[in-house]
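Q: Please take me through one part of this model slowly, as I am new to reading structures. I would like a close look with every term explained.

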Amino acid sequence: MIQATSFIWMDGQLVPWEEAKIHVLTHSLHYGLGVFEGIRCYKGDEGTAIFRLEEHTERLFRSAKVVQMEIPFSPKEVSDAIVETVRVNKLEEGYIRPLAYIGYGEMGLYVKDAKIQLSIAVWPWGTYLGEEGLRSGIRVTVSSFARHHVNISLTRAKVSGYYVNSQLAKREAKEAGFDEAVLLDTAGFIAEGPGENIFIVRKGVLKTTPMSSSILEGITRETILQLAEENNIKISEERFTRDDLYLADEAFFTGTAAEVTPIREVDGRMIGSGVPGPITKQLQKSFFNIVRGKTPSHRDWLTQV
Ligand code: PPE
């Protein structure tokens, strides 16, 4: 169960958690057109800081633009509201979920004057794929569900309804005894996880699905690419196949929720020697040092609460 905090920000007001309610005929609840973000804040030596707040706010507005939703606040107002919501809830470490949705009033697929609403909730949320998963790696399976096609969904946008596909893939994987799914794109190449981008390492080169594919433009993905570059790790953004993944020396997922989670097995094939490899461990370590403010580098990625 979700761990409640005190207040949820709704359209400019801080509302007590139990009173943060909407009408059952809220448009987005029926048709899935809402855009959201997932952001984390971490407790560091100088208190709580939000990781890459500006980039997440920008992506929220990009998602809204793509699906033609007009968020009735400016990016600055949204970022400020996020900081305020973390602060009033005295959340030291956890997850932040802004959601822009089409409110109550009209039904049907074409709504012209519908009110766009915005909520921001925060709560403590531990590891997404388990402490043990972060340390030792997880077991994944290639899903029978494909990732959205670029001509069916606008995959750069983080749209609520897209996550039906993610839930189907995740459920299938979990019920088959795996920790997580990996989705192929409709051409058969590796795309990403239900809520994560994916990286592999082969012969010292770090590879990830290119942006020309149908993936979400992950902020953790971009963070890892930047850290790899700074650590002189060779990087390549190119399509790779299911057997490239099976034959990888190392593999890991990235995401706000998933952070940097090593993959130790795919469909019964052990990845490398079955334990997180050196490049994965190095990048994971840099990532956690940065988000917890334990290094002077990339302080610009942290917004102190
Ligand atoms: N791909 C998908 C499909 C995705 O949903 C996420 C985030 C990512 C990649 C990684 O993006 P980023 O967080 O910017 O590095 N998934 C969010 C939702 C997870 C959930 O279960 O809810 C998240 O990690 O917050």
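A: Here is a walk around the ligand, followed by a look at a helix pair.

This is a predicted model, in which local features need pLDDT of at least 70 and side-chain atom pairs count only at pLDDT 80 or more, while totals for chains, interfaces and linings use all residues. Residues are numbered from 1 along each chain as its sequence is written, and side-chain values use heavy atoms, leaving out hydrogens and water.

Let's start at the ligand, which 21 residues surround (each has a heavy atom within 4 Å of it). Tyr95, Tyr128, Tyr163, Thr220 and Thr256 are the closest. Next, look for polar contacts, meaning pairs of N or O atoms within 3.5 Å. Tyr128 places a polar side-chain atom 2.5 Å from an oxygen atom of the ligand. For Tyr163, the distance from a polar side-chain atom to a ligand oxygen is 2.5 Å. Thr220 also has a polar side-chain atom, 2.5 Å from an oxygen of the ligand.

Now follow Thr220 into helix 6, where it takes part in the contact with helix 8. Helices here are DSSP runs of H or I with at least four residues, numbered from the N terminus. Helix 6 covers residues 219-230 and helix 8 covers residues 278-291; they pack at about 110°, with axes 10 Å apart. The axes are lines fitted to C-alpha atoms over the stretch in contact, and angles run from 0 to 180 degrees between N-to-C directions. Helix 6 is therefore roughly perpendicular to helix 8, a label for angles of 65 to 115 degrees.

Which residues make this contact, with heavy atoms within 4.5 Å? Helix 6 brings Thr220, Thr223, Ile224, Leu227 and Ala228, and helix 8 brings Leu283, Ser286, Phe287 and Ile290. By class, the contact of helix 6 with helix 8 has 6 nonpolar, 3 polar and no charged residues. Here Ala, Val, Leu, Ile, Met, Phe, Trp, Tyr, Cys and Pro count as nonpolar, Asp, Glu, Lys and Arg as charged, and the others, Gly among them, as polar.

Notes
A polar contact is a pair of N or O atoms within 3.5 Å; within protein, one must be able to donate a hydrogen and the other to accept it, and residues adjacent in sequence count only if both atoms are side-chain atoms. Helices (H or I, at least four residues) and strands (E, at least two) are DSSP runs, numbered from the N terminus. Angles under 35 degrees count as roughly parallel, over 145 as roughly antiparallel, 65 to 115 as roughly perpendicular and the rest as oblique. Contact means heavy atoms within 4.5 Å.
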